[in-house]
Amino acid sequence: DQELAQQMEAKFVQIHKDYEKLSFASGSLQKDSQEKQKAIEMLFQSLEKLQKEKADEQDMLEAIDTKADKAALGSKVDCSQFEENMEKLDERMQDLQSQISDQEQHWNEVQQKFSDAMEEKLDRLELKAFRKRLEESWNRSIEDFEKRVTDDSGAGIKKQLPVPFSCLSCDRMLSMQVPGP
């Protein structure tokens, strides 16, 4: 009997040790389960928060496209606006060209009238020198005008300034000596 009691006691101690191990393992598993449950709950809360705050993918793509287009437009000129401005510029150039040709035609008409008038009035021998000087002066004036119309491509015209100079920005009178003729 004693042997049986010892074996039973040994088995009971063994079962008790196994019970403690299982109890410890069960406690650890329960603790891990609780921690994992908390982590899962936090993930669900984060997921709900993200779903509330997230942007719709389609809206996001449209916003990106819109932003990209606006940035590109800032650095580019509108094609229709450019063409419209070029047409206006072309019209202005045509107007200027027609005005210049009209002015040239007018000058030619005036010159012809003066030539005709001089032919009629200055046929006398004593006025031949006067007529020649008048024609030379007239031709020089026409040449000077043509040079100014065709050759003037600078930003300003170089000409003699009046002696009491004034400042271009503030209009204050300046006293300077005029260099050259």
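Which element of the protein has the lowest mean pLDDT, and which has the highest?

**Figure 1. Overview of the predicted model and its confidence.** Helix 2 (residues 57–75) has the lowest mean pLDDT among the elements, at 67, and helix 1 (residues 2–53) has the highest, at 89. Across the protein the mean pLDDT is 79, with 77% of residues at 70 or more. Where pLDDT is low, predicted coordinates should not be read in detail. Four helices and two strands make up the secondary structure, arranged along the sequence as α-α-α-α-β-β.

**Figure 2. Exposure and contacts of the whole protein.** The protein has 181 residues, of which 3% count as buried. About 17,600 Å² is exposed, and carbon and sulfur atoms supply 55% of that area. Of the contacts between residues at least 6 apart in sequence, 29% join residues at least 24 apart.

**Figure 3. Helix 1 from end to end.** The 52 residues of helix 1 should span 76 Å at 1.5 Å a residue. The C-alpha atoms at its ends lie 74 Å apart, which agrees with that expected span. Helix 1 is hardly covered, and the number of buried residues in it is zero. Helix 1 is also the element with the highest mean pLDDT, 89.

**Figure 4. The salt bridge between E84 and K88.** The side chains of these two residues meet at 3.6 Å, N to O. Side chains of opposite charge can pair when their charged atoms come close. Both E84 and K88 belong to helix 3, where they are four residues apart, about one turn of the helix. E84 has a relative accessible area of 44% and K88 one of 39%. Both residues therefore count as partly exposed, a class that runs between 20% and 50%. The count of salt bridges comes to one.

**Figure 5. A nonpolar patch on the surface.** The patch is formed by F82, M86, L89, M93 and L96, which together have about 500 Å² of accessible area. One of its members, M86, is found in helix 3 (residues 79–121). M86 has a relative accessibility of 41%, so this residue counts as partly exposed. That value is over the 30% needed for a residue to be part of a patch.

Technical notes
Residues numbered from 1 in each chain as written. Predicted model: local features only at pLDDT ≥ 70, side-chain atom pairs only at ≥ 80, totals over all residues. Heavy atoms only, no water. Patch = residues over 30% accessible without salt bridge, like charges linked within 9 Å, V, L, I, M, F, W, Y side chains within 5 Å. Areas by Shrake-Rupley, 256 points an atom, 1.4 Å probe, with all protein chains shown as cover. Salt bridge = Lys/Arg side-chain N within 4 Å of Asp/Glu carboxyl O. Buried < 20%, exposed > 50% of the residue type's maximum accessible area, 1.4 Å probe, protein only. pLDDT = per-residue confidence, 0-100. Contact = heavy atoms within 4.5 Å. Expected span 1.5 Å × (residues − 1).
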